[in-house]
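Dear colleague,

I am handing over the structure we spoke about, and below it you will find an account of what came out of the analysis. Please read the account with the structure open beside it.

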Amino acid sequence: MNVRHPLIINVTFSKLQNIGVTKVITLLSCLAVYILYLYKQYVCTPQVPFGDDLPTIFHYLFRYDQALTLSEKISIIFNNRMVEHRLLSSSLITLLFYLVAGKIKLPILTTTAGLIWLSISFFYYTWLKKTNVSIAWIFPISCILVSFAPYQVIVWPMAAMQHLSVIFMGYLTIYLLTIQDFQGKKNLTLSFFLLATFIAITATFSAGNGMLAWPTGILILVLKKEFKFLLIWICCSIFATAGNFWNSTLNGTPSDNSIKTFCTNFFKEIISFLAGLGGGIRFQGHESFLDDCNFQFSLKYPPIYLGLFIFISFIYLFVKTLKFKNNIFLPIVGTSVFIFLTVALLVIGRTPPNGDLVVFKSRYYIYSIAAIINTIFILAAISKSSKWHQWFLLVTTLFSIGFWGIWEVLSSHKLINHSNTLQVGQFNWRENDQWVIYQSTAYFENYFNSFFNEVKNKAFGFELPQTILNKAFQEKKWNETHFSPLKKIHISTDVGYKRLVRLNMVNDQVKPIRHLDEGYVVIMASQKDTFLLWSLVSPTGLRNFLKTGDRCSKGYRVEVELDPEKIPKGIYFFHQFYYSSEDAIARKKPDGKIVFK
């Protein structure tokens, strides 16, 4: 009779206890960072619409309300779009909350998108368990997942619902096509195949890159030798893609212009593709929230080399999957292909004729985040039998915590500037029926002004909120000592597609902004009219942050462009103004003036 020694039993039980404690601590830590992420997402989302929010959320719901028949309403849902993208998932999420609550609350929309995004962690948790990799790896994966690198996608409702939901649907499609490999079943079942097909169709109508679920699915079905489903999948992909492009055109869109120069920019676009995969470590940027500029082509950017490492790691896993005919890593292969195709489509569709890098934009970092997470998974999987496994886990965990922490600091001033700008826009519209913040554009200023003037006296489920800036302005106190004088006041005229007046001002002495509910603006007032000019604050250095805890450097600057034809004639004086939920101080002595004739 084979009897185990009591010491061996105790050691085994002790190991099981340690594994259980590790698992509980890991999952509780993940839960903590998820809750923090959702809380910050909710708090940092402005209740004032920004840019594309207007056509894709507000005007869409307004048209839905005005539609008289069911067929008209369905048509509006399926034809809600922005540039090349249909936005079915965003439209359904928005409509659901509107019908339930009877009004629109933007932080609810972004937080819902955030919950959808965090659901991806369930897939990684499942895949870690089924590949016998330590559950402890879910913590560094979670830290990358909740980082504020893609801050635009996190707090911009339209972008959040589009990008986060379509990535989730891409992952869910792959999960459904591979789920039987983890259930001990040999073949894909019809029910999971049909559900995956339905999700892929929904993704196709939810964003341009949603169509990429189809080629990814083809690869998975071929590798799994599920040829009985392959033909059906291909036919569905053709019909869904054709339906997506029905009644739409690429003429004049950024994709149309970029596709025409694809061959001439081929090498640059390969490099841009690699930079897109590693873009999440591009920590430098501009102060504005939109930060929409391109970067001159160069091989000096570190994200290019991280992207190369990410791609090589994938090739290693893919070759290993082919060589050993093991489907255990198919989900990571599939999700990586989906992300790679998305970044490639983005590069091809957005690269300008001069080949500048377009991928260093926060809203595109969400795909870099996914690529980095998959690379972490690959490292965990290939090192699980190595004596260095625990060291890999430690280094990866430290990297992920550092990555999360850096973006927590670096995104702060962007969110503060964004809040400041939108509050100024809303104030100007309330006081003057003009948002002003969009006057440099050829489209949004007129759109915002006309739309909100149109719905002002109609029963529509949205009312611009009373912001901290609105309330503070009404309660302001005039003071001579709070501010130092503005420096470097510069007024110039730019003649492009229309004449614009540029105003540049700097005060580098005032105390740093620390919270979303405070900021600096410049009052531009004549005897009859008052406008506010928004400000920009800059990030602090790492040394100063560690020393003081300040995420923004002291001072602020004003860089605005105004359309002189839309500003009432008069002599306007500049006054500095600080606002917060507890204080409101304006400098009585003017710092300069401008004349609009």
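**Loop residues with positive phi**

Asn132 lies in the loop that runs between helix 6 (120-130) and helix 7 (138-145). Please keep in mind throughout that this is a predicted model. The phi angle of Asn132 is positive, near 60 degrees, in a residue that is not glycine. As for its surroundings, Asn132 has a relative accessibility of 64% and therefore counts as exposed, the cut-off for that class being over 50%.

A second residue of this kind is Asp433, which is likewise not a glycine and has a positive phi near 60 degrees. Asp433 is placed in the loop between helix 19 and helix 20 (444-455), and it is the residue that follows helix 19. Its relative accessibility of 36% falls between the 20% and 50% limits, so Asp433 counts as partly exposed.

**Helix 19**

The helix that comes before Asp433 deserves a description of its own. Helix 19 covers residues 412-432, which makes 21 residues, and its first and last C-alpha atoms are 30 Å apart, close to the 30 Å expected at 1.5 Å a residue. How many of the 21 residues of helix 19 are buried? The count is 19 of the 21, so helix 19 is largely enclosed by the rest of the structure.

**Two buried residues in other helices**

Thr56 is found in helix 2, which spans residues 53-66. With a relative accessible area of 6%, Thr56 is under the 20% limit and so counts as buried. The side chain of Thr56 reaches the backbone oxygen of Asp52 at 2.6 Å.

Ala472 has its place in helix 21, residues 468-474, and because its relative accessibility is 5%, under the same 20% limit, Ala472 is also classed as buried. If you would like a distance for orientation, the C-alpha atoms of Ala472 and Ile366 are separated by 36 Å, the two residues being 106 apart along the chain.

**Strands 6, 7, 9, 10 and 3**

The strands are best followed from one pairing to the next, and I begin with strand 6 (residues 519-525), which is mostly covered, seven of its seven residues being buried. Both of its faces are covered, with Gly519, Val521, Ile523 and Ala525 on one side, and Tyr520, Val522 and Met524 on the other. Strand 6 pairs in the antiparallel sense with strand 7 (residues 530-533) over four bridges, and one partnership to look at is that of Met524 with Phe531 in strand 7. These two strands form a hairpin, with four residues between them.

Strand 6 is also joined to strand 9 by seven bridges, and this pair runs antiparallel; here the bridge partner of Tyr520 is Tyr578 in strand 9. Strand 9 (residues 570-579) in turn pairs with strand 10 over three bridges, again in the antiparallel sense, and Phe577 has Ala586 as its bridge partner in strand 10. A hairpin of four residues links strand 9 to strand 10.

Which way do the residues of strand 10 (residues 584-587) point? Ala584 and Ala586 point one way from the strand and Ile585 and Arg587 the other way, and all of them, Arg587 included, are buried. Strand 10 is joined by three bridges to strand 3 (residues 477-479) as well, and in this case the two strands run parallel. Within that pairing, Lys477 has Ile585 in strand 10 as its bridge partner.

**Cavities**

Finally, a word on enclosed space, since the structure holds five cavities of 30 Å³ or more. The second largest cavity has a volume of about 40 Å³, and its lining is made up of Gly276, Val343, Leu346, Val359, Tyr364 and Tyr367. By residue class, this lining divides into five nonpolar residues, one polar and no charged.

With best regards

Conventions:
Residues are numbered from 1 along each chain as its sequence is written. This is a predicted model: local features need pLDDT of at least 70, side-chain atom pairs count only at pLDDT 80 or more; totals for chains, interfaces and linings use all residues. Side-chain values use heavy atoms; hydrogens and water are left out. The expected span of a helix is 1.5 Å times one less than its number of residues. Buried means under 20% relative accessible area, exposed over 50%, partly exposed in between (1.4 Å probe, protein chains only). On a 1 Å grid over the protein atoms alone, a cavity is a set of points where a 1.4 Å probe fits but cannot get out, and a pocket is an open set with protein on both sides within 12 Å along at least five of seven lines; lining residues have an atom within 4 Å of a point. Grid points are joined across faces, edges and corners, and a volume is the space filled by probe spheres set on the points. Ala, Val, Leu, Ile, Met, Phe, Trp, Tyr, Cys and Pro count as nonpolar, Asp, Glu, Lys and Arg as charged, and the others, Gly among them, as polar. Two strands pair if DSSP finds at least two bridges between them. A polar contact is a pair of N or O atoms within 3.5 Å; within protein, one must be able to donate a hydrogen and the other to accept it, and residues adjacent in sequence count only if both atoms are side-chain atoms.
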